[in-house]
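Please read the chain below alongside its fold. The paragraphs that follow go from the whole chain to its helices and then to its pockets.

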Amino acid sequence: MIKHGFIKYFIRSLAIILILYMGMDVELMLYKYQNETGIVVPYMLFTILFPILAGMSIHIPRIVINLFHKNRFSIDWVKLFSTSLPFLFISFSYYILNTTLTTNILPHSYRVKLMETQTIVTISGVILGYMILNSFKKRDE
């Protein structure tokens with residue numbers, strides 16, 4: 001007999017996999033669009049925002065459960081800003097490094113080194129998305 005908890009976590013995992021799969025399709029579509037038109041902004045914004053959505057999808061079931069229990073929420077602003085701002089900067093660093101402002105300020109070798117991989121940007125986006133929803137807490141009444 002399979003426990004109820006296993007099924008719940010398994011369905012949750014399948015939902016996250018579905019979100020990741022759909023995201024992969026959208027990313028490929030935007031990558032093709034970028035190559036055909038030369039417009040990089042939609043693809044770049046997607047690569048920044050999708051990891052944040054993926055991080056949020058990890059914490060969404062907890063928020064939904066709390067909503068069904070009719071709990072009132074408040075935001076832990078200290079937790080939100082102290083944990084999210086650094087990851088927000090890292091997540092948007094890929095876009096920031098491609099602006100003309102930073103091309104004049106930062107040396108070319110430094111920008112190239114930061115942009116060799118997007119792994120850090122992706123991981124930061126996942127953490128940011130999780131921390132945004134994790135900063136919601138039940139309000140004590």
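How much accessible surface does the chain have, and what share of it belongs to carbon and sulfur atoms? The accessible surface comes to about 10,100 Å², and carbon and sulfur atoms account for 69% of that area. These values, like those below, are computed from a predicted model. The chain has 141 residues, of which 25% count as buried.

The secondary structure consists of six helices and two strands. Read from the N terminus, the order of elements is α-α-β-α-α-α-α-β. Contacts can be sorted by how far apart the partners are in sequence. Among contacts between residues at least 6 apart, 75% join residues at least 24 apart.

Helix α1 covers residues 4-37 and α2 covers residues 41-68. The length of α1 can be checked against its residue count. At 1.5 Å a residue, its 34 residues should span 50 Å, and the end C-alpha atoms are 50 Å apart, so the expected and modelled spans agree. The buried residues of α1 are Gly23, Leu30 and Gln34. After α1 comes Gly38, which has a positive phi, near 85 degrees.

Two other residues of α1 can be set beside positions further along the chain. Ala15 lies in this helix and has a relative accessibility of 38%; because buried means under 20% and exposed means over 50%, Ala15 counts as partly exposed. Ala15 is 42 residues from Ser57 in sequence, while their C-alpha atoms are 8.6 Å apart in space. Met24 also has its place in α1. Its relative accessible area is 39%, so Met24 is partly exposed as well. Met24 and Phe50 are 26 residues apart along the chain, and 9.6 Å separates their C-alpha atoms.

Helix α6, residues 119-134, can be checked by the same reasoning. Its 16 residues, at 1.5 Å each, should span 22 Å, and the distance between its end C-alpha atoms is 22 Å, so the two values agree. The buried residues of α6 are Val121, Ser124, Gly125, Leu128, Gly129, Met131 and Leu133.

The pockets come next. The largest pocket has a volume of about 320 Å³. It is lined by 14 residues, and those closest to its centre are Lys8, Arg12, Pro61, Arg62 and Ile65. Both α1 and α2 supply at least two residues of this lining. The largest share, seven residues, comes from α1. Sorted by class, the lining has nine nonpolar, two polar and three charged residues.

Which residues lie closest to the centre of the second largest pocket? They are Glu27, Thr47, Phe50, Pro51 and Thr122, out of 13 lining residues. The volume of this pocket is about 200 Å³. Three helices, α1, α2 and α6, each supply at least two residues of its lining. Here the largest share comes from α2, with five residues. The class count for this lining is eight nonpolar, four polar and one charged.

Phe50 therefore appears twice in this account: its C-alpha atom is 9.6 Å from that of Met24, a residue that is partly exposed at 39%, and Phe50 is among the residues closest to the centre of the second largest pocket.

Notes:
Residues numbered from 1 in each chain as written. Predicted model: local features only at pLDDT ≥ 70, side-chain atom pairs only at ≥ 80, totals over all residues. Heavy atoms only, no water. 1 Å grid on protein atoms, 1.4 Å probe; cavity = no way out; pocket = protein on both sides within 12 Å on 5 of 7 lines; lining within 4 Å. Points joined across faces, edges and corners; volume = space filled by probe spheres on them. Helix = DSSP H or I, 4+ residues; strand = E, 2+ residues; numbered from the N terminus. Nonpolar A, V, L, I, M, F, W, Y, C, P; charged D, E, K, R; others polar. Expected span 1.5 Å × (residues − 1). Buried < 20%, exposed > 50% of the residue type's maximum accessible area, 1.4 Å probe, protein only. Contact = heavy atoms within 4.5 Å. Areas by Shrake-Rupley, 256 points an atom, 1.4 Å probe, with all protein chains shown as cover.
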